[in-house]
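Biologist: I'd like to learn how to read a fold from its coordinates. Could we start with the sheets?

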Amino acid sequence: MYKINDFDFKTVADIRFAVNAALSLPTLLITRFNAKSIILITDKGLLKSGVLDDLLNQLEISDLNIQIFDEVLADPPEAIIRAAGEQAKQVDVVVGIGGGSSMDTAKLAAVLAMEEQALSDMYGVDQVLSTRKPLVLVPTTAGTGSEVTPISIVTTGESTKAGVVSPILYPDVALLDPTLLLGLPAHITAETGIDAMVHAIEAFTSKHKKNPLSDNLAIKALQLLATHLPLSYRNGKDVNHRSGTLLGAMLAGQAFANAPVAAVHALAYPLGGIYHMAHGLSNALMLPYVMRFNVSAAQPQYAQLALVLNPKLAERTETEQALGFIEYMEQFCKALGITKRLRDYGIDQQDLPALAQGAMLQTRLLMNNPRTVAYEDALTLYQQAW
């Protein structure tokens, strides 16, 4: 008999998805929050790209007082987040617009603006004791799903990262507009999209909090991304395919917000922290090796996902299905131009032990992996990816 285990599931209460949804932001801010002033938290590259020009024009003709914080960096360091929080004290509503780093920064800025708790006291799970200012998140990539997760990732030193995980970080509104992705370069489309697929895969195999809702979200996310990501990669101006990837990334975000990610992310974090490798790329490079390591513990789950993406495997054994899923993902990444190895990004073989040591610090993630990862395992996985 099928047994449903107890579970909790949380997500954003107000999710709005529409072509040109971003143009409704001024009206939303005024009618929903009675806002007089807002801060847009983003990065300089996005501002210069012109992607936000139409939205900025709408904001300029509104009655809102607009401040812009555009100092966000990839894998934002503590100093940037504190600076954003300081500026956010002056406004009614915080709006994070951009990729995961901008949205993660906005989440914490909205909390820090209340001056109730230091950032250093928030690291870990359920350590945020403060309230926050009203918060709206608007993604411009289809990858992190940060607009629907209660997580912010912070660079805490030269090369170390830490997570803040708390329901207070869920925004009041997630506003999704696929037109904001139309100018996204092909390699960023690929890397962010693979990041979202890793979210779905790891949520589906998460050791402790896997549940029927997260499972179904992960499956739908993979279906959407497998269909629309290659087409968005080839033709970034197709709003339908951009919609498919954006929705897929959001659903994957909802999945892993409730059934957390694991060893792929744990091994990817040191690559970003030490070598400043893009998060989606580091996930893609580690994915096949971690999946092969996990297959002995996650074979039934991988076999299920194989049938979702390749029904032709239905006549095969469960083992063949699971291995077929891993092969599918390897070929999928190659079709999106992700063909290199760690050594191609300036990583020396002698640096691999330090990477393995860094990965072992990610206990919040490793505890979710279907198979226990020891230091020797992490080192072997880096050697395989090298």
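Biologist: In what order do the 6 strands of the open sheet run, and what is the pairing?

Modeller: In general, strands of a sheet pair through backbone hydrogen bonds, either parallel or antiparallel. Here the order is β1-β9-β6-β4-β2-β3, with parallel pairing. Strands (E, at least two residues) and helices (H or I, at least four) are DSSP runs, numbered from the N terminus, and two strands pair if DSSP finds at least two bridges between them.

Biologist: Anything I should know about the model itself?

Modeller: It's a predicted one, so to speak with caveats: local features need pLDDT of at least 70, side-chain atom pairs count only at pLDDT 80 or more, and totals for chains, interfaces and linings use all residues. Residues are numbered from 1 along each chain as its sequence is written, and side-chain values use heavy atoms, with hydrogens and water left out.

Biologist: Back to the sheet, then: which strands stand at the edges?

Modeller: That's β1 (15-17) and β3 (65-69). Each has a single partner strand, so one side of each is left without a neighbour in the sheet. Neighbouring strands are turned by 20° against each other on average, direction ignored; axes are lines fitted to C-alpha atoms, for helices over the stretch in contact, with angles from 0 to 180 degrees between N-to-C directions.

Biologist: Which helix packs on the sheet?

Modeller: Helix α5 (residues 100-112) does, touching β2, β4 (93-98) and β6 (135-139), where contact means heavy atoms within 4.5 Å. The direction of α5 makes about 165° with that of β4.

Biologist: How many bridges hold the pairs, say β2 and β3?

Modeller: Strand β2 (residues 37-41) and β3 share 5 bridges in the parallel sense, with Ile41 partnered by Phe69 of β3. β1 and β9 pair over 3 parallel bridges, and there Phe17 has Leu176 of β9 as its bridge partner. β6 is joined to β9 by 2 bridges, again parallel, and Val136 sits opposite Val173 in β9.

Biologist: Which residues cover the two faces of strand β9?

Modeller: Val173 and Leu175 lie on one side of β9 (residues 173-176), Ala174 and Leu176 on the other, and all are buried. For reference, buried means under 20% relative accessible area, exposed over 50%, and partly exposed in between (1.4 Å probe, protein chains only).

Biologist: What is the order in the open sheet of 3 strands?

Modeller: β5-β8-β7, with mixed pairing. β5 (124-125) and β7 (151-155) are at the edges with a single partner strand each, so each has one side without a neighbour in the sheet. β7 and β8 run antiparallel, joined by 5 bridges, and Ile153 stands opposite Gly163 in β8. α5 packs on this sheet too, touching β7 and β8, at about 100° to the direction of β7.

Biologist: Now the loops. Is Thr42 buried or exposed?

Modeller: Thr42, in the loop between β2 and α2 (44-49), counts as buried because its relative accessibility is 1%. Skipping residues up to four places away in sequence, Thr42 touches several others, including Leu47, Phe69, Asp70 and Ser102.

Biologist: And how do I read phi?

Modeller: Most residues other than glycine have a negative phi. Asp75 has a positive value near 50°; Asp75 lies in the loop between β3 and α4 (78-88) and is buried at 19% relative accessible area. His276 is also positive, near 55°. His276 is in the loop between α9 and α10 (279-309) and, at 61% relative accessibility, counts as exposed.
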